[in-house]
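Got the viewer open? Set it to cartoon, keep the selection box handy, and let's walk through this one stop at a time.

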Amino acid sequence: MENDLEKTAFADSDKPKFFGRRKGRTIHKTKQSLIERFLPEITIKADENLKTDELFSFKPQKIMLEIGFGNGEHLAGQAKNNPDCGFIGVEVFQNGVANLLNLITGIKEGINLPEKFILEEGRVDNIRVFPDDVRLLFKYIPDGFFDKIFLLFPDPWPKKKHASRRFINKGNLQELARILKKGGILRVATDHKVYKDWALRQLSADNNFVWTAKCSDDWRKAPADHIETKYQRKAIAEGRKPVFFDFMRV
Ligand SMILES: C[S@@+](CC[C@H](N)C(=O)[O-])C[C@H]1O[C@@H](n2cnc3c(N)ncnc32)[C@H](O)[C@@H]1O
């Protein structure tokens, strides 16, 4: 039974099945225009190996990945706080991608788009986006490419019969370990009781990672560099306590 639960959702196929939502409410005009005109400028295509010097117009000190960035507050905030680092954000949900574009251009709904896009004042062009399933990107990411990977509030799929849909599973952890530098950090946050246990069990059983926590504050409190996300706010408002697991690639 355990083995069955730990199978990846697409073990036998090249095309991973995605069980979440790709689109929500109608995307209004300004965001739609941002998707059509600005997104292509920062989109990564999954057709050849990623190369740092081709992704960014500067040499990033570190490269970070955020998987499932949702509305993009954390990704946009991290990129703003760390202008010397390069960020790759991955999200399937189109409305979330559109929201990120809002955040990084500062262009709000109803504003006419300028002829040429400029980033929000003071912002360095250090974000690239893959607006699809991260599993399609894995094979184009060289070994040890990232210094840090964020997986914040992944869909918990709490029912046992849906356990194979959980992003943290043996296959995905193997890929994350491969693309993370030795000494790099994988940060997983969750507010869901089932997922807390699941994630800890899966990560602790994986010899590629060691938990960096030395005391309970290290995982019960948000790390100093963390930026609150939409799901985190929702969880707190509903009385759930988020936890943050930093695992180091050994
Ligand atoms: C529960 S939401 C959390 C969003 C955000 N991290 C936050 O904390 O507000 C999980 C997000 O992960 C995205 N997601 C799930 N599986 C993914 C995958 N394989 N590749 C890219 N994004 C994925 C979903 O579309 C969804 O937006």
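Start by selecting S7: how many of the residues of S7 are buried? The count is 6 of the 7, so S7 is largely enclosed by the rest of the structure. Bear in mind throughout that this is a predicted model.

**Zoom out**

Show the whole protein chain. You should be able to pick out 10 helices and 7 strands. Along the principal axes, the C-alpha atoms fill a box of roughly 55 × 40 × 40 Å. The radius of gyration is 18 Å, which agrees with the value near 18 Å for a compact globule of 250 residues. Colour by burial and 47% of the 250 residues come up as buried. Switch on the surface: the accessible area is about 13400 Å², and 50% of that belongs to carbon and sulfur atoms. If you draw contacts between residues at least 6 apart in sequence, 82% of them join residues at least 24 apart.

**The sheet**

Now hide everything except the strands. The 7 strands make an open sheet, and its order reads S3-S2-S1-S4-S5-S7-S6, with mixed pairing. Look at the two edges, strand S3 (127-130) and strand S6 (209-211), each of which pairs on one side only. On average, neighbouring strands are turned by 20° against each other, direction ignored.

Bring back helix H4 (residues 73-81), which packs on this sheet and touches S1, S2, S3 and S4. The direction of H4 makes about 175° with that of S2.

**Strand by strand**

Select S2 next. Here 5 of its 5 residues are buried. Which residues point which way? Gly86, Ile88 and Val90 go to one side of S2, Phe87 and Gly89 to the other. That fits a general pattern: in a regular strand, side chains alternate between the two faces of the sheet.

Add S1, which runs parallel to S2 and is joined to it by 5 bridges. To find one pair, click Glu66 and then Gly89 in S2, its bridge partner.

Move along to S4 and S5. These pair in the parallel sense over 6 bridges, and Leu151 has Val188 in S5 as its bridge partner.

From S5, step across to S7, and the sense becomes antiparallel, again with 6 bridges. Ile185 and Met248 in S7 are bridge partners here. On to S6: S6 and S7 are also antiparallel, over 3 bridges. Select Trp211 to see it standing opposite Phe247 in S7.

**Into the core**

Switch side chains on. In soluble globular proteins, nonpolar side chains tend to be buried together. The largest nonpolar core in this model has 36 residues. Which of them touch the most other members? Select Ile88, Phe146, Ile149, Ile168, Leu176, Leu186 and Phe209. Several elements give two or more residues to this core, including strand S1 (63-67), strand S4 (146-152), helix H7 (170-179), helix H8 (193-204) and strand S7 (243-249).

Centre on Leu176. Leaving aside neighbours within four places in sequence, Leu176 is in contact with Ile67, Phe138, Ile149, Phe167, Leu186 and Phe209.

For the last stop, select Leu39, Met64, Leu75 and Ile107. They are among the 27 residues of another core, which lies apart from the largest one.

Conventions. Residues numbered from 1 in each chain as written. Predicted model: local features only at pLDDT ≥ 70, side-chain atom pairs only at ≥ 80, totals over all residues. Heavy atoms only, no water. Core = buried A, V, L, I, M, F, W, Y, C linked by side-chain atoms within 4.5 Å. Buried < 20%, exposed > 50% of the residue type's maximum accessible area, 1.4 Å probe, protein only. Helix = DSSP H or I, 4+ residues; strand = E, 2+ residues; numbered from the N terminus. Contact = heavy atoms within 4.5 Å. Pairing = 2+ DSSP bridges. Axes fitted to C-alpha atoms, helices over the stretch in contact; angles between N-to-C directions. Rg over C-alpha atoms; globule rule 2.2 N^0.38 Å. Areas by Shrake-Rupley, 256 points an atom, 1.4 Å probe, with all protein chains shown as cover.
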